[in-house]
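Got the viewer open? Let's take a short walk through the model, one selection at a time.

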Amino acid sequence: MSAQTYDLIIIGAGPAGYTASVYSSRYRISNVVIGSIPGGLATEAHNVCNFPTEKSISGIGLMQKMKEVVENNAAEIVIDEVISIEKETECFVVKTGLGKEYTSKAVLIATGTYHKKLGIKGELSLVGKGVSYCATCDGPFYKDKIVGVIGGANAANMASLYLSGVAKKVYQFVRSTQKGDQVLIDSINKKENIEVLLKTEVEVVLGEDKVTGVRLASPHDGQSEILLDGIFIEVGTTPATAFTQGLGLSVDLDGYIVVKPDQATNVDGIWAAGDITTNSNKYHQIITACSEGAIAASSIAQWIRK
């Protein structure tokens, strides 16, 4: 099997990867974008109101626009999962789940993050049976039903707001206090069908064949169990770096790839950009991912020309 060869392989088809591809193409750096989810986690945002070119747009809509620009610059997008990167004498070899091989002079890792799990009883056994990690994906199944959201930061706040337009009632379970953008918190407080339970921890997801409710670690207003039709877990993300094992990349205590100001890693020929890195103060936004992707592409172009 012959491998396809490029100047740059971009792993991850989200905002960072797409932007890096556009800039690389304009630098005349041949590149391919390989990602298992077109658009990445950004596609799960039901409403993006803080991207400078858009008053309001869905995450899917925004990422589709970016994808079109990548394709307009004649770069290739491959929907596949990268399972390993190997360093050879003069190139990198990238292998995918579909058995494909690609080689390149440089690699950009822009795989972002995946949803954290709570690790509580009933969570994993009821995934797809009422437990979800994506409100925009599964929310429409809960029209006029009662649902819960676990989490107190922006992702959970956005999920609660989205679900309030679908479900009859939304409980938001917050372990301590609500965090995130005040505009989202203010919007939640105005919604009559959202009830925020602060300092409330869920310890069990109830149900056998489907979710029937949750059990709380300590009673809330005398209730230790709350009946629900579905539960959405939004407690943060974890960097997707499993396929990088063996490369010797420097990571911080949370597993994020340590990068220099130009997005270069400690391994010559490998860069990283987007939510997976320690840059941008770990401010995980579409626009910061785009910024890191553009910076990485500039650095890679200079490195290849040398």
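Start with helix α4, residues 154-164, which is mostly covered: of its eleven residues, eight are buried. Keep in mind as you click around that this is a predicted model.

To see who is tucked away, select Ala 156, Asn 157 and Ala 159, then add the run Ser 160, Leu 161, Tyr 162, Leu 163 and Ser 164; these are the buried residues of α4. Now bring up what they pack against. Among the helices, show α3 (135-138) and α5 (182-190). Then add the strands β9 (146-150), β10 (169-173), β11 (194-197) and β15 (230-233).

Next stop: Leu 227, in strand β14 (residues 223-227). Is Leu 227 buried or exposed? Its relative accessibility is 67%, and because the cut-off for exposed is over 50%, Leu 227 counts as exposed. Show its contacts too: setting aside residues up to four places away in sequence, Leu 227 touches Ile 146, Thr 212 and Gly 213. For a sense of scale, draw a distance from the C-alpha of Leu 227 to that of Glu 54: you'll get 39 Å, for two residues 173 apart along the chain.

Last, jump to Asp 80, in the loop between β3 (76-79) and β4 (82-87). Which side chain of opposite charge is nearest to Asp 80? That's Lys 100, 7.5 Å away, and Asp 80 is buried yet has no salt bridge. To fill in the surroundings, select Ile 34, Gly 35 and Ser 36, plus Thr 96, Gly 97, Leu 98 and Lys 100: Asp 80 is in contact with each of them, leaving aside neighbours within four places in sequence.

Definitions and conventions:
Residues numbered from 1 in each chain as written. Predicted model: local features only at pLDDT ≥ 70, side-chain atom pairs only at ≥ 80, totals over all residues. Heavy atoms only, no water. Buried < 20%, exposed > 50% of the residue type's maximum accessible area, 1.4 Å probe, protein only. Helix = DSSP H or I, 4+ residues; strand = E, 2+ residues; numbered from the N terminus. Contact = heavy atoms within 4.5 Å. Lys, Arg positive; Asp, Glu negative; His and termini not counted. Salt bridge = Lys/Arg side-chain N within 4 Å of Asp/Glu carboxyl O.
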